[in-house]
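Got the viewer open? Here's a short walk through the model, with a few things to select along the way.

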Amino acid sequence: MPTTLSPAIARRAENRFGFVLVELLVVIAIIAILIGLLLPAVQKVREAAARLAAANQLQVLAGAMALYRQQYDAYPGTLPPLAPYVGDDTSALDGTAAGYRFSLQLFQGGPRETDDFRITASPVEPGRTGSDWFCVMKNAAVMNCTTAQQALTAAAAQRRMVIANLGAAADAVSELFDLDSRAASLIRPFLNRPETLPEVLDRLGAVEGELSIARIFETRDDDPDLNAILQQFLSRVAENMALGEGEEDVNFLPAVQLGDLTGDRSALFSFSALRILTLEAVSHPGLLHSLLVKLDGAEAAARRGNERAKAGHLRAYAQELAAQAGKKISIADAHVLRNLAMTL
């Protein structure tokens, strides 16, 4: 789909690095839409697929345990001896499959009829490859056996993952803003155009209302200079999400259904995102408090529709970052936060 800007913007579309401004905006929009819409959907799809795969594996393993016992009048002490009874898919017998780790525990010592086992499927990276623990015993009923502490652990890890991805996006778009400072003021209107989302999805390889997760993360070389920044961002996201860990095959994950996308495509360029990033970047209590007060003031002014007051609070926020860069906050972090503040 062709991308258009106003005539005034089009006349100055070529920046000093030779990039076309609209192409710069498209790459920034890709990153913003990934953060606001696509990555939450990717995580939801992969967790659902991992839960189903883990439950199926546990049922197969429970059946194999029963067959083994019929032949040897006892349960095996480890999973590998079940190989003859599980068919072609022996991945779980090696300990991990589809982002889950499988372990066996025996309960023996009483009458034969009371002997039992418990096979547990635990996410290899709780909160990232999965957020639920499952188990099965000799009755072959797969149960969600997540404890309260495990649920808290997974939720905390998932929050850290989301914040890490937000930080990766902030670094990438800040680097892109440095190529042409005009992009910071143009990106929000660009994101809100009706045609931007379809164009971004098309760039990412969407087909017939769905988008392959593998396609999102594949290498792109149509514009090596801009896509180097995009690719670095995607590499950081894949690492943050632990994609492919625990024998997870990204190529076989279900596609994201575009009709199910919810969220705010401009979430990266919001007061809430900047507040989170400020909390992550600033460890000095006094500076953190002062910056958050300024952000709160800017947001309150925005809610009142007072653009002048909002701009004043944001200008004070940026000036304090500049003054403290290299002292109470790193120069790099201060630069990224100032660049994002320009979009609010």
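**Stop one: a pocket**

Start by selecting A53, A98, E247, E248 and D249: of the 14 residues that line the second largest pocket, these lie nearest its centre. Keep in mind as you look around that this is a predicted model. The space here comes to about 250 Å³.

Which helix should you colour to see the largest share of this lining? Pick α2, which supplies four residues. If you colour the lining of the second largest pocket by class, you should get eight nonpolar, two polar and four charged residues.

**Stop two: a residue from that lining**

Now zoom in on E247, one of the residues you just selected. To find it along the chain, look in the loop between α7 (224–240) and β7 (256–257). Check the backbone here: phi of E247 is near 65 degrees, a positive value in a residue that isn't a glycine. Is E247 buried or exposed? It counts as exposed, because its relative accessibility is 57% and the cut-off for exposed is over 50%.

**Stop three: another positive phi**

Next, select A140. You'll find A140 in the loop between β4 (134–136) and β5 (143–144). A140 isn't a glycine either, yet its phi is positive, at about 70 degrees. With a relative accessible area of 34%, A140 is partly exposed.

**Stop four: the largest pocket**

Time to move to the largest pocket, which holds about 320 Å³ of space. Select I35, P40, V162, I163 and L166, since these lie nearest its centre among the 18 residues of the lining. Now show the elements that give two or more residues to this lining: α2 (21–72), α3 (148–179) and α8 (271–281). Which of them gives the most? That's α3, with seven residues.

Colour by class again, and the lining of the largest pocket shows eleven nonpolar residues, six polar ones and one charged one.

**Stop five: the aromatic rings**

How many aromatic pairs does a search of the whole structure find? It turns up five. For one of them, select Y68 and Y72 and show their side chains: the ring centres are 4.6 Å apart and the planes meet at 40 degrees, so this pair is tilted. Both tyrosines sit in helix α2, and because they're four residues apart, about one helical turn separates them.

Switch on a surface and compare the two. Y72 is partly exposed, with a relative accessible area of 48%, whereas Y68 is buried, at 15%.

Keep Y68 selected and add Y85. Why does this pair count as edge-to-face? The planes of the Y68 and Y85 rings are at 75 degrees, with centres 6.0 Å apart, so the pair falls in that class, for which the planes must be over 60 degrees apart. This pair links distant parts of the chain: Y68 belongs to helix α2, while Y85 is in the loop between α2 and β1 (96–97), 17 residues apart. Y85 is buried, as is Y68.

For a last view, show all three tyrosines together: Y68, Y72 and Y85 form one aromatic cluster.

Definitions and conventions
Residues numbered from 1 in each chain as written. Predicted model: local features only at pLDDT ≥ 70, side-chain atom pairs only at ≥ 80, totals over all residues. Heavy atoms only, no water. Buried < 20%, exposed > 50% of the residue type's maximum accessible area, 1.4 Å probe, protein only. 1 Å grid on protein atoms, 1.4 Å probe; cavity = no way out; pocket = protein on both sides within 12 Å on 5 of 7 lines; lining within 4 Å. Points joined across faces, edges and corners; volume = space filled by probe spheres on them. Nonpolar A, V, L, I, M, F, W, Y, C, P; charged D, E, K, R; others polar. Phe/Tyr/Trp six-rings, centres within 6.5 Å; stacked < 30°, edge-to-face > 60°.
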